[in-house]
Amino acid sequence: MGMFALERERQTGHGAAEVLATTKAVVDPALRAAVGGMPGAMRLVSGYHFGWWEPDGTPVAGGAGKAVRPALVFAAARAVGGGPEAAVRPAVAVELVHNFTLLHDDVIDHDPVRRHRPTAWKAFSTTEAILAGDAMHSLALRVLAEDPHPAAPAAVRRLADCVVELCEGQREDCAFEQRGDVTLAEVLAMAEAKTGALLGCACAVGALYGGGDERAADALEAFGREIGLAFQLIDDLIGIWGDPAVTGKPVGADLAARKKSLPVVFALESGTPAGARLAELYASQAPLTPQELLLAAEAVDAAGGRAWAQAESCERMAAAIGHLTEAVQDPADAEQLLALAELITRRSS
């Protein structure tokens with residue numbers, strides 16, 4: 001554990017940036033090729049969502065997304081002694097699944113903006129976005145099903161199970177918005193299903209494609225799940241205090257939507273006067289004014305929600321490293337996984 005902790009401290013954002021850049025260089029052409037085989041309208045919506053072109057198909061520079069999940073696939077394969085060459089298909093598959101969930105989440109949450117421009121359902125229609133997401137999900141499974149690699153059948157099963165868990169996590173997330181008695185344990189379980197499951201799956205299939213056995217895959221899945229919870233904790237903080245210039249969303253967007261995010265539920269359960277003030281604001285049916293959004297953010301902070309979420313993300317990171325030691329003995333082999341984990345959990349809120 002000590003060796004991994006020392007290796008973790010050695011990682012820098014620059015190192016993780018290099019891992020992501022290398023991943024995108026390998027995965028983007030394969031991802032574009034996969035999306036290019038979709039029917040015309042769905043291809044147009046999907047390519048717009050990925051940031052490759054405008055709604056009319058005019059190409060734009062760059063592309064959306066950091067490719068964190070594909071990078072985890074490659075890093076997990078490397079950690080068990082494999083290389084990225086054989087893991088391109090699962091890397092593409094997990095990125096397709098991730099973006100299928102984003103397309104649907106934007107519709108469900110009525111989010112008008114993603115990555116500083118209109119979401120797909122705003123640029124096209126709700127129907128177009130949902131169907132493109134459905135097709136993207138099926139495409140992900142086909143990418144793996146057509147792979148002759150011996151790990152492909154196990155990877156398909158894991159990815160299919162992951163999607164079911166993701167859907168249940170999304171269902172619970174929506175259900176919690178209609179309940180006033182949501183517990184912190186429930187929200188943590190929901191976050192693991194909605195966010196941790198896919199990061200864990202990415203690590204597990206990467207391990208399998210890298211030549212690891214099921215034990216190694218399970219340990220790296222547990223690593224990814226803990227990283228996913230750390231990710232969600234930080235993401236929830238950003239949803240309250242994030243800079244719109246960075247997030248591409250209005251300030252306090254999660255509070256405006258009265259989301260039962262992790263720091264919010266901690267505050268509501270805190271038994272503090274600040275928690276009670278937050279409960280009153282959340283109980284109101286009227287849209288929160290800018291002043292009320294500020295008061296709600298202050299209440300979450302005063303009730304301890306912000307400090308708890310920050311500390312809990314560190315605890316989850318420590319737990320992740322514990323799982324990593326079960327599968328990887330040499331810290332050098334885990335270097336890329338640790339760099340990515342640091343990148344995920346050290347985002348500014």
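The following exchange examines how several labels applied to this predicted model follow from its computed values.

Me: What makes the length of α9 agree with that expected of a helix?
Reply: Helix α9 covers residues 184-209, which is 26 residues. At 1.5 Å a residue it should span 38 Å, and its end C-alpha atoms lie 36 Å apart, so the two values agree.

Me: Where does α9 bend, and by how much?
Reply: The bend is at Gly196 and amounts to about 50 degrees. That angle is taken between axes fitted to the seven residues ending at the residue and the seven starting there.

Me: Why is α9 called mostly covered?
Reply: Of its 26 residues, 21 are buried, and buried means under 20% relative accessible area. After the helix comes Gly211, whose phi is positive, near 100 degrees.

Me: Why is Ser138 called partly exposed?
Reply: Ser138, in helix α7 (residues 126-145), has a relative accessibility of 46%. Partly exposed is the class between under 20% and over 50%, so Ser138 belongs there at 46%. Ser138 and Ala193 are 55 residues apart in sequence, with their C-alpha atoms 20 Å apart in space.

Me: How do you know that Asp106 and Arg114 form a salt bridge?
Reply: The closest N and O atoms of Asp106 and Arg114 are 2.8 Å apart, and the criterion is a side-chain nitrogen of Lys or Arg within 4 Å of a carboxyl oxygen of Asp or Glu. The pair therefore qualifies by that cut-off. Asp106 is buried at 3% relative accessible area, and Arg114 is buried at 19%.

Me: What makes Lys259 and Asp173 a salt bridge, and which parts does the pair tie together?
Reply: Their closest N and O atoms are 3.4 Å apart, and the cut-off is 4 Å. Lys259 lies in the loop between α12 (253-256) and α13 (262-268), whereas Asp173 is in helix α8 (residues 152-176), so the pair ties together parts that are 86 residues apart in sequence. Lys259 is buried, with a relative accessible area of 18%, and Asp173 is buried as well, at 6%.

Me: Are the partners in the salt bridge of Arg179 and Glu186 buried or partly exposed?
Reply: Arg179 counts as partly exposed at 27% relative accessibility, and Glu186 is partly exposed at 29%. Their side chains meet at 3.0 Å, N to O. Elsewhere, salt bridges that share partners join Arg158, Glu165, Glu192, Glu214, Asp218, Glu221 and Arg225 into one network. The structure holds 18 salt bridges.

Me: Which residues touch the most other members of the largest nonpolar core?
Reply: They are Leu96, Leu159 and Leu337, in a core of 79 residues. Helix α9 supplies the largest share of this core, eleven residues. Leaving aside residues up to four places away in sequence, Leu159 touches Ala93, Val94, Val97, Ala140, Leu141, Leu144, Leu198 and Cys201. A second, separate core has 32 residues, including Phe176, Leu184, Leu255 and Tyr282.

Me: How do you know that Cys201 is not bonded to Cys162?
Reply: The sulfur of Cys201 is 4.4 Å from that of Cys162, the closest cysteine sulfur, which is too far for a bond. A disulfide requires the two sulfur atoms within 2.5 Å. Cys201 is buried, with a relative accessible area of 3%.

Me: How many disulfides are found in the whole structure, and how far is Cys314 from the nearest cysteine sulfur?
Reply: The search finds zero disulfides. Cys314 is in none; the nearest cysteine sulfur, that of Cys203, is 19 Å away. At 47% relative accessibility, Cys314 counts as partly exposed.

Me: Why are His110 and His116 called exposed?
Reply: Exposed means over 50% relative accessible area. His110 has 59% and therefore counts as exposed; His116 has 52% and counts as exposed too.

Me: What is the sign of phi at His110 and at His116, positive or negative?
Reply: In His110, phi is positive, near 60 degrees, in a residue other than glycine. His116 also has a positive phi, near 70 degrees. His110 is found in the loop between α5 (88-109) and β1 (113-114), and His116 in the loop between β1 and β2 (117-118).

Key:
Residues are numbered from 1 along each chain as its sequence is written. This is a predicted model: local features need pLDDT of at least 70, side-chain atom pairs count only at pLDDT 80 or more; totals for chains, interfaces and linings use all residues. Side-chain values use heavy atoms; hydrogens and water are left out. Helices (H or I, at least four residues) and strands (E, at least two) are DSSP runs, numbered from the N terminus. The expected span of a helix is 1.5 Å times one less than its number of residues. Buried means under 20% relative accessible area, exposed over 50%, partly exposed in between (1.4 Å probe, protein chains only). A nonpolar core is a set of buried Ala, Val, Leu, Ile, Met, Phe, Trp, Tyr and Cys residues joined through side-chain atoms within 4.5 Å. Contact means heavy atoms within 4.5 Å.
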